[in-house]
Amino acid sequence: MGLRQESIRPVMPKSEKQFSIAIVGGGLAGLSLAIGLVQRGIPVQIYEGATEWTDAGAGLVFAKNSMVAMEKISPDIYKAFAKRSSGQGWESKKTTYMDYRDGSTDGELITSVICANTGQESVHRTLFAKDLVALLPSGTFHMGKRLVAIDNRPDGGYTLRWADGQSTDADVVLGSDGIKSKCRQLLLGEDSPEAVPKFAKEFAYRGMVPMERAIEVLGEEFARNSMVNIGPNCLTTTYPVEKGTLLNMVACRTIDTWEHDEWVVPSSQEAVRKDFAGCGPVMQKVISMMDKPAMWALFDHPECSTFYKGRFALIGDAAHASTPHQGAGCGQAFEDALVLCSLLEDEHMVSAAHVEFALEAYDAIRRPRTLKIVNTSRENGEICMMRGEDTGDDLGKIKATLEQRFHWIWHEDLDQQVQQAKSKMREVSEAQPIK
């Protein structure tokens, strides 16, 4: 599936900034950051390791904070999102984030978690990413550029070395190359325990089916609206994507160790049924639609001592990859991009030497929030698989916890967060004036 071609593409602006930026990784974090920088008059080049797009079919969930961040980075990003996003299918559920249901029964409701004004919106990851590429000037986005090394230059900049034998010079490097990030390894040190993802002691089966089939199997309510069915050591999550034409499905199961070299291994319907034996009828119906199942190991990055060194920083999953249990991981990539765009466009950010102040401020503001989200996502997975430390299998305690645990994520004041980052940047720059 090729890129959608636009008759008119944006033009790279002339800039008063005296530094060049290379973004490593062309996922949603890198793309949103690149768009935000270009639209603020800051030239950038973005390098993606994959040689072609793949239709992995992963759906992504967003709530209020994510959508506000998109709009603040660039209204064009939000428009691209809105063109593809799907909310709850029923008008009565428009403010619902997720219905949490007892998976041991026929989907008996535990609670409807409400996110006022926005509810929940979901999107097809690959199709959204392709639309974002079309917002960049021609010649900005490069595929088939897999990073193998970064050399320090005498002037404080970097030389990026690619697997194809070519190299690129840049004054600033921003690593957005995902959970298996090479940038993370190079920044933290390849021997650092923090450099590699940690197994979250669970795996997932994933799939997408046409909405017509989902309705036939699950019925209108369960197919057209977002649902989490919880059970002992397992859960299923389903939600509509692509304007409600597809149903995204995830079925998670706990496992103590991952014995495979690869993170994704082929499976079978027989194995899926065995893994979810004893679950209730709704969960059984969900897994019955996974025609070509594969086991996806779930990893995350729960710790990181720094998101930057010098003029080299990490964003998105490269910095704070999360499990999917709060639907908040990808949204943090947009918050990252908003803060970085706001700092780098500042009138005092003129030379490459100034950029380190911005990255120190970014690290100070973004790292605590994002790592808290990583760790509370793991915690929410345990709660929803009835093994939470304080909730166990007590549905009353689970209900009470779910109804209050997301608000701090959704209702973040992003303008205040940006101002805090700018204040930190000024503080740092005043303490370390450039000679």
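This section describes the helix α12, one sheet, the aromatic contacts and the salt bridges of a predicted model.

Helix α12 comprises the 33 residues 352–384. At 1.5 Å a residue, a helix of this number of residues should span 48 Å, and the end C-alpha atoms of α12 lie 46 Å apart, which agrees with that expectation. The helix nevertheless carries a kink of about 35 degrees at R366, shortly before the proline P368. Beyond the helix, α12 is followed by M386, a residue with a positive phi near 55 degrees.

Six strands form an open sheet with mixed pairing, in the order β7-β2-β1-β11-β19-β18. The edges are occupied by β7 (141–142) and β18 (308–309); each has a single partner strand, so one side of each is left without a neighbour in the sheet. Within the sheet, strand β1 (residues 21–24) and strand β11 (residues 172–175) run parallel and are joined by four bridges. In this pairing, I23 of β1 stands opposite L174 in β11.

Aromatic contacts were searched for over the whole structure, and 17 aromatic pairs were found. One of them is formed by F406 and W410, whose rings are stacked, with 5.4 Å centre to centre and 10 degrees between the planes. The angle falls under the limit of 30 degrees, and the pair therefore counts as stacked. Both partners are buried: F406 has a relative accessible area of 1%, and W410 has a relative accessibility of 2%. A cluster of aromatic residues is formed by F62, Y78, F81, F128 and F334.

Charged side chains are also placed over aromatic rings. R206 lies over the face of W296, at 4.5 Å from the ring centre. K372 is positioned likewise over the face of W408, at 4.2 Å from the ring centre. Residue K372 falls within the range of α12, residues 352–384.

The count of salt bridges comes to 25. Among them, the side chains of K93 and E221 meet at 3.8 Å, N to O. K93 lies in the loop between α3 (75–84) and β4 (96–102), whereas E221 belongs to helix α7 (residues 220–224), so this pair ties together parts that are 128 residues apart in sequence. The two partners differ in their surroundings, as K93 is buried at 10% relative accessibility and E221 is partly exposed at 27%.

A further salt bridge is formed by the side chains of D291 and R213, at 2.6 Å, N to O. Here D291 lies in the loop between α9 (281–288) and β17 (294–300) and R213 in helix α6 (residues 211–218), so the contact ties together parts 78 residues apart in sequence. R213 is partly exposed, with a relative accessible area of 28%.

The salt bridge between R224 and E220, by contrast, is contained in one helix. The closest N and O atoms of this pair are 2.8 Å apart, and both residues lie in helix α7, four residues apart, about one turn of the helix. An α-helix has 3.6 residues a turn, so residues three or four places apart point the same way. Both side chains count as partly exposed, R224 at 28% relative accessibility and E220 at 38%.

Finally, E335, D336, R366, R369 and E412 are linked in a network of salt bridges. One member of this network, R366, is the residue at which α12 is kinked.

Conventions. Residues are numbered from 1 along each chain as its sequence is written. This is a predicted model: local features need pLDDT of at least 70, side-chain atom pairs count only at pLDDT 80 or more; totals for chains, interfaces and linings use all residues. Side-chain values use heavy atoms; hydrogens and water are left out. Helices (H or I, at least four residues) and strands (E, at least two) are DSSP runs, numbered from the N terminus. The expected span of a helix is 1.5 Å times one less than its number of residues. The bend at a residue is the angle between axes fitted to the seven residues ending there and the seven starting there. Two strands pair if DSSP finds at least two bridges between them. Rings of Phe, Tyr and Trp (its six-membered ring) pair if their centres lie within 6.5 Å; planes under 30 degrees apart count as stacked, over 60 as edge-to-face and the rest as tilted. Buried means under 20% relative accessible area, exposed over 50%, partly exposed in between (1.4 Å probe, protein chains only). A charge sits over a ring if NZ of Lys or CZ of Arg is within 6 Å of the ring centre and within 35 degrees of the ring normal. A salt bridge is a side-chain nitrogen of Lys or Arg within 4 Å of a carboxyl oxygen of Asp or Glu.
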